[in-house]
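Visitor: I am new to this structure and should like a close look at one part of it. Please begin with the charged side chains, and then continue to whatever adjoins that topic.

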Amino acid sequence: MAERPVILRGARVVDPVAGLDAVRDLRLVEGRIAAVGEGIREPGDRVVDVAGLVAAPGFCDMHVHFREPGLEYKETVASGAAAAVAGGFTAVACMANTDPVNDSPSVTAHIRQLAKQAGLARVHPIAATTQGMKGERISEFGALKEAGAVAVSDDGLPVGDPAVMRRALEYSRLHDLPVIEHCETLELTGEGAMREGAYAAQIGLPGIPAASEFIAVERNIALAEITGARLHIAHLSTARSAAAVRRAKAAGIRVTAEVTPHHLILTDEAVGDYDTAAKMKPPLAAEADREALLTAIADGTADAIATDHAPHHEDEKKLCFQSAPFGIVGLETAVPLVLERLVASGIIPLAQAVRLLSTGPRRILGLPGGDLRPGSPADITLLDLEATSTINPASFRSRGRSTPFAGLSLRGQVVATWVGGREVYSQSANR
Ligand SMILES: [Zn+2]
């Protein structure tokens, strides 16, 4: 039986693609936006009053780790998808570093099946660039794309061998898949646990130099230029990397980039007294890097804000700083952080935040949506810009709890999330 059409009445609709920021009604029919207008009346429709809220095209986090198959004690596709919709994300793209690695169509199809069963966010698998993420032989891009992969990446590890990276980029062109690269030079990272600099020296931790990232960024941009392929740089964290992306874009090289909320908001000093909730790759950087990243999201150098949601078990993150794994959760903290620290603070307008959280990542991955025009999927994130909430890891849907933002009180929150014309998360139902 077809579901009854819905009218979301009276939200402030922010659609950067349509250039719209005004109070409108949205009519949702059979999973799609059917109409955007003022005073829509359709007898028989279900009317939901959303006056006072912002309606944005559903947010898309193009960089998450859902750990299934194989590491379900950290996160499952279902727990990750629940965290996604609670955080305002209607879609995510999940990285391939599961166990087994997602380097085969059967693993890609399995993840999609698990997501379908969960029935929450849309989960788009990213397949491994190389077989087993070993950095040696590239995987079967064509078969992986056919099974539903939206990109390839060995994220968690860089593709170290430039000849392999060149071949991956060439092959990706044939299949029109972006190559997402975790830009790191492992020889420069060495035993490093946090960003090299004055603070690491002060607390006596081995440092990861900024060059570990930007040398890889510059190499990969050169390979993208040579091959004409689409390169997406994951979690940009240094000023010099951002400058390299800006120059590459100006030169017409097909490069895109994402930045995480933690790199936009925190610096290496957040490591504080050896807090493993501030241990991630790339590591938190210097204030000058953070400022350069803020410029990059404002001027279009960065195309997306992505969380790099990387859940680990609490016991793992309780180890000493040097031994604890890299990675923090991000799905349930990103939107309030962006709304207060980037939008309310005047760094970017709301429409630009929506572009970075919704439109940009979908364009990179070739996904529909990212706007609220008639015909687009009825994937909608509803926000209350005035409501204040406190980040409480105990209430996360994610199995991961490690965040440097615990206890922070933020203004601006997710009220409800709709996927395909259906409400899949409501804050009021979850209090
Ligand atoms: Zn990474």
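Guide: Aspartate 315 counts as partly exposed, at 48% relative accessibility; here buried means under 20% relative accessible area, exposed over 50% and partly exposed in between, with a 1.4 Å probe and protein chains only. Lysine 318, at 64% relative accessibility, counts as exposed. The side chains of aspartate 315 and lysine 318 meet in a salt bridge, with 3.9 Å from N to O; the term requires a side-chain nitrogen of Lys or Arg within 4 Å of a carboxyl oxygen of Asp or Glu. Elsewhere, salt bridges with shared partners join Glu218, Arg240 and Arg247 into one network. This is a predicted model, in which local features need pLDDT of at least 70 and side-chain atom pairs count only at pLDDT 80 or more, while totals for chains, interfaces and linings use all residues. Residues are numbered from 1 along each chain as its sequence is written, and side-chain values use heavy atoms, with hydrogens and water left out.

Side chains of opposite charge can pair when their charged atoms come close. By the rule given above, the count comes to 19 salt bridges. Within the network, arginine 247 forms a salt bridge with glutamate 218, and the closest N and O atoms are 3.9 Å apart. Because arginine 247 lies in helix H8 (residues 239-250) and glutamate 218 in helix H7 (residues 210-227), this pair ties together parts that are 29 residues apart in sequence. Helices (H or I, at least four residues) and strands (E, at least two) are DSSP runs, numbered from the N terminus. Glutamate 218 has a relative accessible area of 27% and is partly exposed.

Helix H8 also takes part in another pairing. Lysine 249 forms a salt bridge with aspartate 303, at 2.8 Å from N to O. Aspartate 303 lies in the loop between helix H10 (287-299) and strand S15 (304-305), whereas lysine 249 lies in helix H8, so the pair ties together parts that are 54 residues apart in sequence. Lysine 249 is partly exposed, with a relative accessible area of 27%.

From that loop one may pass to strand S15 and its sheet. Five strands form an open sheet in the order S9-S10-S13-S14-S15, with parallel pairing. Strand S9 (152-153) and S15 stand at the edges, each with a single partner strand, so one side of each is left without a neighbour in the sheet. Strand S14 (residues 255-259) pairs with S15 in the parallel sense over two bridges; strands count as paired if DSSP finds at least two bridges between them. At this pairing, valine 259 stands opposite isoleucine 305 in S15.

The loops that follow two strands of this sheet bring the account to the zinc ion. Its protein donors are Asp155 (OD), His182 (ND1) and His235 (NE2), lying 2.1 to 2.3 Å from the ion. Donors are N, O and S atoms within 2.8 Å of the metal (3.2 Å for Na, K and Ca); water is not among the atoms, so sites may look incomplete. In sequence, the donor residues are spaced D-x26-H-x52-H. Histidine 182 lies in the loop between strand S10 (179-181) and helix H5 (186-189), and histidine 235 in the loop between strand S13 (231-233) and H8, so these two tie together parts that are 53 residues apart in sequence. Histidine 182 and histidine 235 are both buried.

Both histidines also appear in the lining of the largest cavity, whose residues include His182, Cys183, Glu184, Arg195, Lys281 and His235. A cavity is a set of points, on a 1 Å grid over the protein atoms alone, where a 1.4 Å probe fits but cannot get out, and lining residues have an atom within 4 Å of a point. About 80 Å³ of space lies in this largest cavity, the volume being the space filled by probe spheres set on points joined across faces, edges and corners. The structure holds two cavities of 30 Å³ or more. The second largest cavity has about 50 Å³ of space. Among the residues that line the second largest cavity are Pro261, His262, Ala334, Leu337 and Phe405. Helix H9 (261-265) and helix H12 (334-344) are the elements that give two or more residues to this lining.

Notes:
1 Å grid on protein atoms, 1.4 Å probe; cavity = no way out; pocket = protein on both sides within 12 Å on 5 of 7 lines; lining within 4 Å.
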